Amino acid sequence: MARKIVITSGKGGVGKTTVCCNLAVQLARQGYRVVVCDLDFGLNNADVVLGVENRALYDVLDAVEGRCRAKQALVPHPRYPTLYVLSSNRVLERYVSPQAIRLILDTLAPQFDYILIDSPAGIEDGFHRAASCAEEALLVTTPHISALRDADRVAGILKSYKFTSVGLVVNQVRRDRRRSGMLSPDEISAALRVPLVGIVTEEDKIFRENIVARSRAFRALAETCADLPNQARRKRR
Ligand SMILES: Nc1ncnc2c1ncn2[C@@H]1O[C@H](COP(=O)(O)OP(=O)(O)O)[C@@H](O)[C@H]1O
Ligand SMILES: [Mg+2]
């Protein structure tokens, strides 16, 4: 049964889609069956980041409104045979209820290991729709002060959802961090009171390619995410 993980932030542009898609690729490379579900209806671009934007015949709205089955709305990735994208490029401003999306994801869940849900920035309806479709959450932030303030707000809101786990990914960490005077990922984790599960440095490569298949940071993030249920079990003992 798929673990459903929502990728959230507070501020836009901090790397939710980048983290979501790269994590999905790494999990698929490790043999897991993965769906990337794009619930950022306003600025949906997971299909573009994964390079499948011209391959979609249906999107999530078609599945919700019964024009296709849930499975038919999945776009297979040409390079990674266990990776699929559920895009939302035709949803536009239509209202789609969280229950309708949950139904689609529940239909898909038995056939996959992970459903990664890319969510919109902010704390409006779209965020709540995405959050209410998941059982776990990853909070993405950069070390910039404006991102941290928004992440703090979201971290508080995430506590009101009964997630089985919430993990922090600090993205765009500068290699010259000490000189720039920015907080370290550990300091950010302590301030937000969210356990750190991944650190991604600021990379020219990510700017150019979106998906960095050989990224050590994303591979480590995938390994940590895959181990989270075991960690939780160990803690309970
Ligand atoms: N670690 C990184 N290094 C360099 N550029 C990055 C990194 N993470 C994200 N970006 C770039 O930042 C921009 C915003 O990222 P994106 O994932 O679209 O953010 P969000 O989904 O949170 O709005 C994109 O152009 C992306 O390529
Ligand atoms: Mg995005």
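**Exercise 1. Shell around ligand 1**

Task: In this predicted model, find which element supplies the largest share of the shell around ligand 1, and describe the rest of that shell by element and class.

Solution.
1. Helix H1 gives the largest share of the shell around ligand 1, with three residues.
2. Helix H1 (16-29), strand S7 (165-173) and helix H9 (204-209) each contribute at least two residues.
3. There are 15 residues around ligand 1, and those that come nearest are Gly 15, Lys 16, Thr 17, Thr 18 and Ile 206.
4. Sorted by class, the shell holds eight polar, four nonpolar and three charged residues.

**Exercise 2. Helix H1**

Task: Check the length of H1 against its expected span, then state how far H1 is covered and what follows H1.

Solution.
1. H1 has 14 residues, which at 1.5 Å a residue should span 20 Å.
2. The end C-alpha atoms of H1 are 20 Å apart, so the expected and modelled values agree.
3. Of the 14 residues of H1, 13 are buried, and the helix is mostly covered.
4. After H1 comes Gly 31, with a positive phi near 95°.

**Exercise 3. The nonpolar core**

Task: Which residues have the most contacts inside the largest nonpolar core, and which element gives the most to this core?

Solution.
1. The largest nonpolar core consists of 73 residues, and the most contacts inside it belong to Leu 23, Ala 24, Val 36, Leu 116, Ile 117 and Leu 139.
2. The element that gives the most to this core is H1, with eight residues.
3. Take Leu 139 as a case: with neighbours within four places in sequence left aside, its contacts are Thr 8, Ser 9, Ala 151, Val 154, Ala 155, Leu 158, Val 166, Leu 168 and Val 194.

**Exercise 4. Strand S5 in the sheet**

Task: Place S5 in the sheet, identify the strands joined to S5, and decide whether its residues are buried or exposed.

Solution.
1. The sheet is open, has eight strands with mixed pairing, and follows the order S3-S4-S2-S5-S1-S6-S7-S8.
2. Its edges are strand S3 (75-76) and strand S8 (196-201), each of which pairs on one side only.
3. Strand S1 (residues 3-8) runs parallel to S5 and is joined to it by five bridges; Ile 7 has Asp 118 as its bridge partner in S5.
4. Strand S2 (residues 34-38) also runs parallel to S5, again with five bridges. Val 36 stands opposite Leu 116, and Cys 37 stands opposite Ile 117.
5. In a regular strand, side chains alternate between the two faces of the sheet. In S5, Tyr 114, Leu 116 and Asp 118 point one way, while Ile 115 and Ile 117 point the other way.
6. Five of the five residues of S5 (residues 114-118) are buried, so the strand is largely enclosed by the rest of the structure.

**Exercise 5. Ile 117**

Task: Decide whether Ile 117 is buried or exposed, and list its contacts.

Solution.
1. Ile 117 lies in strand S5.
2. A residue is buried if 20 or more other C-beta atoms lie within 10 Å of its own. Ile 117 has 28 C-beta neighbours inside 10 Å and therefore counts as buried.
3. Not counting residues up to four places away in sequence, Ile 117 touches Lys 4, Ile 5, Val 6, Ile 7, Cys 37, Leu 39, Ala 130, Cys 133 and Ala 134.
4. Leu 105 is 12 residues from Ile 117 along the chain, and their C-alpha atoms are separated by 10.0 Å.

Technical notes:
Residues numbered from 1 in each chain as written. Chains lettered and ligands numbered in written order. Predicted model: local features only at pLDDT ≥ 70, side-chain atom pairs only at ≥ 80, totals over all residues. Near = placed C-beta within 6 Å. Helix = DSSP H or I, 4+ residues; strand = E, 2+ residues; numbered from the N terminus. Nonpolar A, V, L, I, M, F, W, Y, C, P; charged D, E, K, R; others polar. Core = buried A, V, L, I, M, F, W, Y, C linked by C-beta atoms within 7 Å. Buried ≥ 20, exposed ≤ 12 C-beta atoms within 10 Å, placed from the backbone. Contact = placed C-beta atoms within 7 Å. Expected span 1.5 Å × (residues − 1). Pairing = 2+ DSSP bridges.
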